[in-house]
Amino acid sequence: MDLQLHNRVIVVTGGSSGVGRALVEDLLLSGARVAACARDLDRLRASTASLSDSGHGDAADRLLVHGCDVRDADAVASFIEATVDRFGAIDGLVNNAGQSLMKRFDETAADEWMSEFELKFNGVLNPLTAARPHLAAGGAGAVVNINAVLARQPEPRLAATSAARAGLLNLTKTLSVDLAPEGIRVNSVLLGLIDTGQWRRRYDQRPDDDQRSWEEWSGDLAADRGITLGRLGVAREVSFVAAMLVSPRASYVTGTSIDVSGGVGRYV
Ligand SMILES: NC(=O)c1ccc[n+]([C@@H]2O[C@H](COP(=O)([O-])OP(=O)(O)OC[C@H]3O[C@@H](n4cnc5c(N)ncnc54)[C@H](OP(=O)(O)O)[C@@H]3O)[C@@H](O)[C@H]2O)c1
């Protein structure tokens, strides 16, 4: 199926790893022009360098990489300005940059609550504020907020992240209403446990006496969390859904969310 992404300009935050990196590749393969950011520009450059190789056509000409922290409004404004300077428009924005805080309520310090809320909210509001006039100008803009099943199903081991995720899901619904008159659709993708940098870092930090392989460790994790499909997801299983939602093929989809979680959500 053609997602009609050819030549559309899509901004992806957090493009150097995991879901964001997979999405950059999917969008380039679909013929889109892509602007990606991350804090570590060298890592972003290195991780996207292979995309100019064969199989991706003229991808090098259709990819802009930029170093910026999504919590910094001025830096994000510069990123969006660079995108418009290079490509002349913005049709879609995927707010993906972020990480989670694996701490229970009693372990979470006051400043950690604030930094978690700052990342989850400003990490979306800064790119949206800067990109909004450009998304509206095209008449068919789309925003996708990468969120988590935690937004609906709080996980006590991720107390602040769960609360911040719930707030972002709620805000996304409001945005879908307020931005509709500008022709901008706003949706969420709710992730379960996806095999990316986040989980690999946790695996690397396991106790020295834990000799399990990644396969054993992640299999035990999937069983412990009751994932219906019995495994963690992979980034391409998320990027496909995000690409679909940001594409013109989803023109009648707004204010909703799609779980990509292998069935870990217990709600109906
Ligand atoms: N993997 C999961 O199981 C899971 C579950 C639920 C939700 N999520 C969410 O899905 C999104 C993608 O996660 P992932 O698993 O793909 O993570 P990942 O592999 O760790 O990649 C995160 C990306 O975001 C960038 N980033 C992080 N903080 C940033 C900031 N303040 N400003 C700009 N870029 C930033 C990182 O690059 P730099 O470090 O260089 O900035 C990197 O490119 C995140 O929002 C995450 O919270 C993931």
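# A buried strand pair and its surroundings

Visitor: Are the residues on the two faces of strand 2 buried or exposed?
Guide: One side of strand 2 carries Arg33, Ala35 and Cys37, and the other carries Val34, Ala36 and Ala38. Strands here are DSSP runs of E with at least two residues, helices are runs of H or I with at least four, and both are numbered from the N terminus. A residue is buried if 20 or more other C-beta atoms, placed from the backbone, lie within 10 Å of its own, exposed if 12 or fewer, and partly exposed in between. Both faces of strand 2 are covered, and these residues are all buried.

Visitor: What kind of model is this, and how are its residues numbered?
Guide: Numbering starts from 1 along each chain as its sequence is written. Local features need pLDDT of at least 70, side-chain atom pairs count only at pLDDT 80 or more, and totals for chains, interfaces and linings use all residues, as this model is predicted.

Visitor: How many residues of strand 2 are buried?
Guide: Strand 2 is largely enclosed by the rest of the structure. That follows from its count of buried residues, which is 6 of 6.

Visitor: Which strand pairs with strand 2 over 5 bridges and has Leu64 opposite Ala35?
Guide: Strands pair if DSSP finds at least two bridges between them. Here 5 bridges join strand 2 to a parallel strand at residues 63-67. Leu64, opposite Ala35, sits in that partner, strand 3.

Visitor: How many residues of strand 1 are buried?
Guide: Val9, Val11 and Thr13 are buried on one side of strand 1, and Ile10 and Val12 on the other. Strand 1 covers residues 9-13 and is mostly covered. Its buried count is 5 of 5.

Visitor: Which residues stand opposite Val12 in strand 2 and strand 4?
Guide: Strand 1 and strand 2 run parallel and share 5 bridges. Val11 has Ala35 as its partner there. Strand 1 is also joined to strand 4 (residues 92-95), in the parallel sense, by 3 bridges. For Val12, the partner in strand 2 is Ala36, and in strand 4 it is Val94.

Visitor: Which hand does the unit of strand 1, helix 1 and strand 2 have?
Guide: Strand 1, helix 1 and strand 2 make a β-α-β unit. A crossover is right-handed if, with the strands pointing away from the viewer, the path from the first strand over the helix to the second runs clockwise. This unit is right-handed.

Visitor: Which residues are closest to the ligand?
Guide: Its shell holds 31 residues, each with a C-beta atom, placed from the backbone, within 6 Å of the ligand. Helix 1 (18-29), strand 2 (33-38), strand 5 (142-148) and helix 6 (197-204) each supply at least two of them. The closest are Gly14, Gly18, Arg39, Gly98 and Gly197.

Visitor: How many residues of the ligand shell are charged?
Guide: Ala, Val, Leu, Ile, Met, Phe, Trp, Tyr, Cys and Pro count as nonpolar, Asp, Glu, Lys and Arg as charged, and the others, Gly among them, as polar. The shell has 12 nonpolar and 14 polar residues. The charged ones number 5.

Visitor: What is the phi of Asn7?
Guide: Most residues other than glycine have a negative phi. Gln4, in the segment before strand 1, has a positive phi near 60°. Asn7 lies in that segment too, and counts as exposed because 12 C-beta neighbours lie inside 10 Å. Its phi is also positive, at about 70°.

Visitor: Which residues does Gln153 touch beyond four places in sequence?
Guide: Gln153 is in the loop between strand 5 and helix 5 (159-178). It counts as partly exposed, with 18 C-beta neighbours inside 10 Å. Contact means C-beta atoms, placed from the backbone, within 7 Å. By that rule Gln153 touches Gly265, Arg266 and Tyr267.

Visitor: Which residues beyond four places in sequence does Ala75 contact?
Guide: Ala75 lies in helix 3 (residues 73-87). With 17 C-beta neighbours inside 10 Å, it counts as partly exposed. Its contacts are Cys68 and Asp69.

Visitor: What is the radius of gyration of the protein chain?
Guide: The chain has 8 helices and 9 strands. The radius is taken over C-alpha atoms, and the globule rule is 2.2 Å times the number of residues to the power 0.38. For 268 residues a compact globule would come near 18 Å. The chain agrees, at 18 Å.

Notes. Two residues are in contact if their C-beta atoms, placed from the backbone, lie within 7 Å.
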